[in-house]
Amino acid sequence: MVAKPKKNNMLKRLSSPAILSIASTAGALIFTSLILWMAGAQPGLTFQKILIGAFGDSVKIANGLVVWAPLSLIAGALIITFIAGLWNLGIEGQIMLGAIFTTGAMRLFENSSISPTLIIILSCLVGMVGGAFWAALTGILRLYGGVNEIFAGVGLNFVATALSLWLIFGPWKRPGVGSMSGTEPFNERLWLVQIPGYRLSIWSLILVVVVYIGLFILLKKTRFGIQIKAIGKNLEAARLMGIQTRKLMMLAMLLCGALAGLAGALQVVGVYHRLIPSISSGYGFLAMLVAMLANNDFFLTLVVAYLFSILNIGGIQLPINLHLDSTLSGVLQAVLVLFFLVMNGLKQRLMGRKERSRDAE
Amino acid sequence: MFSNKMKVVFALLMVTTLLLTACAKGTSEPAADAENGENFVFGLLMVGAYNDQGWSQAHYDAGLYVKEQIPGTEMVYIDKVNTADRPGTTPAQLAEELVAQGAKLIIFNSDDMKDGAHEFAVAHPEITVIHASGDGAWVEGNAYQNLPNLTNVMPRMEYGKEMAGCAAALTSTTGQIGYLGPLINEETRRLAASAYLGAKYCWENVAGKDPAALTFEVKWIGFWFNIPGVTSDPTQVADDFYNRGFDVVISGIDTTEALTEAKKYMDEGSTVYAIPYDFMGACDQASDVCLGVPYYNWGPSYVEYIQAAMDGTFAPSWDYLNPDWTDLNNVDTTALGFIKGDAFSEENGVKLDDFIAALAGGLNLWTGSLNLQDGTAFLADGEVATDYQVWYLPQLLEGMTGLSTPAE
Amino acid sequence: MEIEIRNIYKSFGKVHANIGISLTIHAGEILGVLGENGAGKTTLMKILAGLQPCDSGEILIDGKPVHFHSANTALDLGIGMLSQDPLDFPMLTIFDNLYLGRRKRFFIQRNRFSKQVEKMEDLLGFQFKLNDLVETLSIGERQQLEILRLLVYGSELIILDEPTTGISAQQKKQLFELLKRLAGFGKTIIFVTHKLGEINELCQRTIILRQGKLISDVVLPCESSLLIQSMFGKAIDLQSPGDASQFEKHFEIQHLVIKDARFFSNPVDLNIRKGEILGLAGMEGSGQKTFLRTLAGLEKPINGMFLDEGYSLHWNSPHSFTKRGIYFMPASRMEEGLIQGMTLQEHFILSQTKDDFFVDRDESHKITEMRIREFTIRGFSSSTAEELSGGNQQRLLIAMLHENARLLLLENPTRGLDIESTNWMWKKLHERCKKGASILFASADIDELLRFSNRILVFFGGRISEPYPSQMLNSEKLGALIGGEGW
């Protein structure tokens, strides 16, 4: 049996995801509208408020990008592990450790004579080490301890939360007062430079672009990228081909952890300027949804991450204007992913029939 | 690549979780029409849910009170302003959202929003900022900021806690009083100590019992409310108190586990009581085990600030407010009060009234000699503590059991 | 049961897999279906078993037209098919595997069902322990299990697609006896193969397919050359092995003790010479697989040394084996050999053990195109592995073996290939040997072992024999050794 011609392939790649996305978006919107309607709100008004809340003025657009930058970084990081077939649910902990390490470094250098720029760069690097370190723990547990990375990761998330709380209320507490508001804010000279009048730093955007170019090259153009893809698709075959599966899986975890750590570092130096208890802002799990919805496609990931950022920022309007819980925007995000996956499953069933018949001699 | 099914399960879990959280607190009030140009709009940022039967609800009710008292005012608010409930946002950012709704004055209702309140006040000099709790506007304080548009307000809840301590001591037969504390900081230390001072005074001087027979133990859960896996479970802590023979638990946290747990013990035949905190209506949950509740009444002070802002006469200040000693529970005048619970006996009620009268008459329990928990002298004999000494209390007091600083 | 197929057409895109095939099969008959790879055998069988619809044509059972909606409908009508790759659930017990797919009753009637199975087992001479896990069975045993399952479900027509690949001569003998006995009970058997010997040995009649068409319908026995002519449209010559004892010493195995799931082997000492081909004979699961994997560095031995021109290889890193030019090719193509969802080009990139960080896509594209031509793989460099047919997957696997390989360790390298492809494959492998590579290969095909090996190691129940020069063996002798006699 001859493989299908290239042209068909291209057509399939172009057409079906688009239809799929539209169908699942429509499904998700209808489903969410139903929930809103049951909660006694007008769906149309709600969506309108979300949009206004996200695009109403330049500050709001900038606020959306403040969410977008770390979310994109984390989703990009997750793509590496997803491709390697690793369910890195420990991403939250890796972000937190990145933030913790960054804070630690900032505290260490805060009063030194090193230039602020250098302190920020150093601290971000230390944060990447922190994230990578936490990912390494998951990796070691998975690869050498036989503990499934899901359980190891979730367990380490708890440890990371406890660690950050302990630091905030213990050794790093504000003078006299342990406070949920976090550690003492850093001196303003140690803040990542923001665009005047906005919370957004141009550097976090630049970082996203650089990281994505790097990821694209790494995963598409290098031996490493093809090898982890093989590992993710068929671990045993990859091993038999002589690929160093453990080493590469570990590397994938480390890379993912380092990028998650960088996102955590950005949260510290660019957004909160201190360590707070939920420094990860739940972006880890959100990024998981993003990467799943985008099906590990880089460009789509950036787009979906932006869509989710909009929902996050616009969602603030729900409690203010409509007295609705803002988690509803989270519901919309998750429902979107769910619908996409269901549609994808349907597609595979439909394609599957054709596929099976192709498989003949 | 892992299976599609796994992804569906993951997404489904996310949906369910989020939906549950959304529905749990999801309400469907009509949208506040804040865009009315005539009205003076004020914004309220609450750390907890607006209907939490505690700290945040006391603020929310005060907001409603302002609307009622000053015609032509509108309230916009956002609740659950904390990083766990609204990840990725900052108080200052949310305050800006309220400004976008037309707010000219913003109330930050938590000590945790201190940085956000200051950042916001600096960035928006045209907006009046009220920070409930906090010391940024206190010239003598440790964190003075000198911002022309920031006022701090905090009622002297020390009195309320002294009354709670007294009510506990008068009712307790075992002489063992538990204090269910949140996290350890200056504010929570001074409030726990006040409850102790009230209990000690009434135990010795009103009930006339042996000082040595009084046990006052503080247990900190780690935060203002239960966060599973992070804080100690307040239900467990309260249960432990009652189980060990403590018959009154004074709550210092924002939720009412102590009351619920006391009710459970009462139903099983034990005679135990609890004293909740923060909110006038807190006793209603289990009135037959409630000895009373010290509560905040922010309304009158907010009316004052908002009126001043409307008139253009606002000036920054640090307000450490007294109750209305002539009429403790007058919602139009007092900053804090104490409402006796159904479980509090009438006989003891009279004694408590006498105690309150004595406080009104100038009795100050923060008078030496008092030692800190580690034995170092705090106040010499006859020395009266300054506001500074009370506000920044460095340790618990001698005679109290429990941690003064977080275990490290 | 009498089955009549009328004018079946089936095409996939531009490829016509079946062109107007008509056929009648009688009850109690063993019908052979012969044809080279890609002749349309599997497609026809899948249509017959309800696994895929035909474009046009009809199927009649006992004169009545039937329509299959799924394999289950076919099964209900008494048609069961044994596929090329076992479709069982290795993690479940034998009992559960038999019971799975049985519909109608919700609750498991363990005892009744067990008795039914045991009765059938007695009839067929099987001895399964129903509570064992399927993963402990060899491929031959899994096949028996599959047949048992079909019979328990009441199949009247049993289709076997290349059933002799991957099983030992002994097992093959048992299988043939079983099939003859089943035919004696009145069951109809369709036996798909590309091996002429088997057809003559087993069947009374065979059809031959070529390029989707039914070329001839022959009553057996008949001359092999005639069958070959029909299959390929031309005659094919065979070649014979040489003596390699003069070749230069290459690899050396000292006191190697391997550990299988069931046994430890005796210590093996062996010199592998440059350009030599060593055959590993034995029943499925006798340790050949472990032996190859141990030499590939994928499994650790209990004891022993493996020297590559004096350099001792360490089992801590499988990678170091590949680095020294030792390559392994597994038997199960899609499970262990190839990666579903990855293109041919990516497979070739993966199989190169360069240490370059960046991949030159243009260069690898060229290499891929070259290999596709050289190994006549019917597919494109952008085709994914699962889009290839079984035979082409096998070609891909062999094409992936590195150019500079010095030792090739092959598990059933020609499994599922027809004679022409097999010969061609061995021609390719011989080219490697001429370049100095040594080959160790496991096979269940005695003829293949004798024809292509210089020396043969026999595996039996944990014992590994001294290497026999293949000139000293013939198929009877080797068959006996595999069966445990004459040691």
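The exercises below work through a predicted model with chains A, B and C.

**Exercise 1. Chain contacts**

Task: Find which chains have the most contacts between them, and describe the side of chain C that touches chain A.

Solution.
- Step 1. Two pairs of chains touch, and chains A and B have the most contacts of these.
- Step 2. Chain B and chain C do not touch; 10 Å lies between their nearest C-alpha atoms.
- Step 3. In the contact of chain C with chain A, 43 residues come from chain C and 28 residues from chain A.
- Step 4. Several elements of chain C each supply at least two residues of the side that touches chain A: strand E2 (15-25), helix H1 (41-48), helix H10 (318-323), helix H11 (333-337) and helix H12 (344-351).
- Step 5. Sorted by class, the side of chain C that touches chain A holds 17 nonpolar, 18 polar and eight charged residues.

**Exercise 2. The sheet of chain B**

Task: State the strand order of the open sheet of six strands in chain B, and name its edge strands.

Solution.
- Step 1. The order in chain B is E2-E1-E3-E4-E5-E11, with parallel pairing.
- Step 2. Strand E2 (73-78) and strand E11 (318-321) of chain B each pair on one side only, and these are the edge strands.
- Step 3. On average, neighbouring strands of this sheet are turned by 20° against each other, direction ignored.
- Step 4. Take one pair as a sample: strand E1 (residues 40-45) and strand E3 (residues 103-108) of chain B are joined in the parallel sense by five bridges.
- Step 5. Within E3(B), B:Leu105 is the bridge partner of B:Phe42.

**Exercise 3. Two chains, each with two domains**

Task: For chain B and chain C, give the domain bounds and describe the side of domain 1 that touches domain 2.

Solution for chain B.
- Step 1. Domain 1 of chain B is assigned to 40-155 + 298-321, and domain 2 to 158-295 + 336-401.
- Step 2. Taken over C-alpha atoms, the centres of these two domains of chain B are 28 Å apart.
- Step 3. Domain 1 of chain B brings 13 residues to the contact, and domain 2 of chain B brings 13 residues.
- Step 4. On the side of domain 1 of chain B that touches domain 2, helix H2 (residues 55-69) gives the most, with three residues.
- Step 5. The classes on that side of domain 1 of chain B are four nonpolar, six polar and three charged residues.

Solution for chain C.
- Step 1. Domain 1 of chain C covers 3-232, and domain 2 covers 249-325 + 402-482.
- Step 2. The centres of domain 1 and domain 2 of chain C, over C-alpha atoms, are separated by 32 Å.
- Step 3. The contact uses 16 residues from domain 1 of chain C and 16 residues from domain 2 of chain C.
- Step 4. Helix H5 (139-152) and helix H6 (169-184) of chain C are the elements giving two or more residues to the side of domain 1 that touches domain 2.
- Step 5. The largest share of that side, three residues, comes from H6(C).
- Step 6. That side of domain 1 of chain C divides into four nonpolar, ten polar and two charged residues.

**Exercise 4. Strand E13 of chain C**

Task: Determine which residues of strand E13 (residues 277-282) of chain C are buried on each side, and which strands pair with E13(C).

Solution.
- Step 1. Six of the six residues of E13(C) are buried.
- Step 2. Side chains in a regular strand alternate between the two faces of the sheet.
- Step 3. One side of E13(C) carries C:Ile277, C:Gly279 and C:Ala281, the other C:Leu278, C:Leu280 and C:Gly282, and all are buried.
- Step 4. E13(C) runs parallel to E18(C) and is joined to E18(C) by four bridges; C:Ile277 stands opposite C:Ile439 there.
- Step 5. E13(C) also pairs in the parallel sense with strand E19 (residues 455-460) of chain C, over five bridges. The bridge partner of C:Leu280 in E19(C) is C:Leu457.

**Exercise 5. C:Ala442**

Task: Decide whether C:Ala442 is buried or exposed, and list its contacts beyond four places in sequence.

Solution.
- Step 1. C:Ala442 belongs to strand E18 (residues 438-442) of chain C.
- Step 2. Within 10 Å of C:Ala442 there are 27 other C-beta atoms. The cut-off for buried is 20 or more, so C:Ala442 is buried.
- Step 3. Beyond its neighbours within four places, C:Ala442 is in contact with C:Leu280, C:Gln288, C:Lys289, C:Leu292, C:Glu411 and C:Asn412.
- Step 4. C:Glu411 is 31 residues from C:Ala442 along the chain, yet their C-alpha atoms are separated by 5.0 Å.

Notes
Residues are numbered from 1 along each chain as its sequence is written. Chains are lettered from A and ligands numbered from 1 in the order in which they are written. This is a predicted model: local features need pLDDT of at least 70, side-chain atom pairs count only at pLDDT 80 or more; totals for chains, interfaces and linings use all residues. Two strands pair if DSSP finds at least two bridges between them. Axes are lines fitted to C-alpha atoms, for helices over the stretch in contact, and angles run from 0 to 180 degrees between N-to-C directions. Domain bounds come from an automatic or database domain assignment. Two residues are in contact if their C-beta atoms, placed from the backbone, lie within 7 Å. Ala, Val, Leu, Ile, Met, Phe, Trp, Tyr, Cys and Pro count as nonpolar, Asp, Glu, Lys and Arg as charged, and the others, Gly among them, as polar. A residue is buried if 20 or more other C-beta atoms lie within 10 Å of its own, exposed if 12 or fewer, and partly exposed in between; C-beta atoms are placed from the backbone.
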